[in-house]
Amino acid sequence: MYKSKINITIRKTILDPQGKAVEHSLKSLGYEKIIDTRIGKYIELIIDVKSEDEAEKISKEACEKLLANSVMEDFTIHVEEVK
Amino acid sequence: MGAAKVGVVVFPGSNCDHDAYNVFKNVLNTDTKFLWHKDGSIGDRNIIILPGGFSYGDYLRCGAISKFSNIMKDVISFANKGGIVIGICNGFQVLCEAGLLPGALMRNKNLKFICKTVTLKVENNKSIFTGEYKIKEEINIPIAHGEGNYFCDDETLTSLIGKNQILFTYTDNPNGSINNIAGIQNANRNVLGLMPHPERASEEITGNTDGRRLFESVIESVL
């Protein structure tokens, strides 16, 4: 069995107004070193397959079909084995 | 007006379905039925309305889950065969997610849910949705959305402009939409998506009737 950890963020080229609002708030708290903030979604899938490759493949398909919208979002997938 | 047979899709979480139904049925005296999201077919309907609301709780992304509902399979195949489909607000989001319209609706630029009447400009009156309006006419229609910030890449925008697919723009952009876009049609000119709510502006009792001509245009087109 594998756990797939998926991060979805608004594309780098698109303004993320939520991230900007939080960034301003962080700046006002004195965190001058934080120069960019982007907010996204985190999704975990438990996938009952035999290999990491298969888990990756299913995760990628799920992102393309449903979990992310390719018009405005990017995603990253990290798969690890779970006992 | 006997030829129009309107179907208003009801998703779990739709909340403007009755408004749309009321305008077609009672204001425009049209044969109108609700279509439940679990239905497998749109039956004999020749105009499909995807109403406003929060289908499937807006979970994941607005409209993302709705596109896989049972009724949408038939709506998509109907649209691909040239059938008339109008998505209002959440319905517009569903149409973009389903790939029937290009682009996507993102969070409003100011992060706020905006509920007010705005002024739209009719950019193209040569469509089946806007035939009853004058070109460049300004109309007042209410909006009520948190995710109405229309976005598409440059290539898509060029194509939207080139093919006269932009039907309505905001005169004072409320949500950050690219090129002030409020409503677009597909390249085949049979699918319309718009964020504003013309069904809330179709009777004197709701304050103005600027939205009614959109529905009259589309009914006229199927006669």
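I looked up A:Tyr2 and found that its bridge partner in E2(A) is A:Ile47; I note at the outset that the model is predicted. From there I followed the two strands and saw that strand E1 (residues 2–10) of chain A pairs with E2(A) in the antiparallel sense, over 8 bridges.

I then went through the sheet as a whole, which is open, has 3 strands in the order E2-E1-E3 (chain A), and shows antiparallel pairing. Strand E2 (40–47) and strand E3 (73–81) of chain A are at the edges with a single partner strand each, so one side of each is left without a neighbour in the sheet. For the twist I noted an average of 20 degrees from one strand to the next.

Next I checked what covers these strands, and I found helix H2 (residues 52–67) of chain A lying across E1, E2 and E3 of chain A, at about 155 degrees to E3(A).

For the overall layout I recorded 2 helices and 3 strands in chain A, with the elements running β-α-β-α-β from the N terminus on. The radius of gyration of chain A is 16 Å, well over the 12 Å that the globule rule gives for 83 residues, so I entered chain A as more spread out than a compact globule. Along the principal axes, its C-alpha atoms fill a box of roughly 50 × 30 × 15 Å, and I noted that buried residues make up 17% of the 83 residues in chain A.

Last, I turned to the second chain and found 11 residues of chain B in contact with 8 residues of chain A. On the side of chain B that touches chain A, I listed 6 nonpolar, 1 polar and 4 charged residues.

Notes
Residues are numbered from 1 along each chain as its sequence is written. Chains are lettered from A and ligands numbered from 1 in the order in which they are written. This is a predicted model: local features need pLDDT of at least 70, side-chain atom pairs count only at pLDDT 80 or more; totals for chains, interfaces and linings use all residues. Two strands pair if DSSP finds at least two bridges between them. Helices (H or I, at least four residues) and strands (E, at least two) are DSSP runs, numbered from the N terminus. Axes are lines fitted to C-alpha atoms, for helices over the stretch in contact, and angles run from 0 to 180 degrees between N-to-C directions. Two residues are in contact if their C-beta atoms, placed from the backbone, lie within 7 Å. Ala, Val, Leu, Ile, Met, Phe, Trp, Tyr, Cys and Pro count as nonpolar, Asp, Glu, Lys and Arg as charged, and the others, Gly among them, as polar. The radius of gyration is taken over C-alpha atoms; the globule rule is 2.2 Å times the number of residues to the power 0.38. A residue is buried if 20 or more other C-beta atoms lie within 10 Å of its own, exposed if 12 or fewer, and partly exposed in between; C-beta atoms are placed from the backbone.
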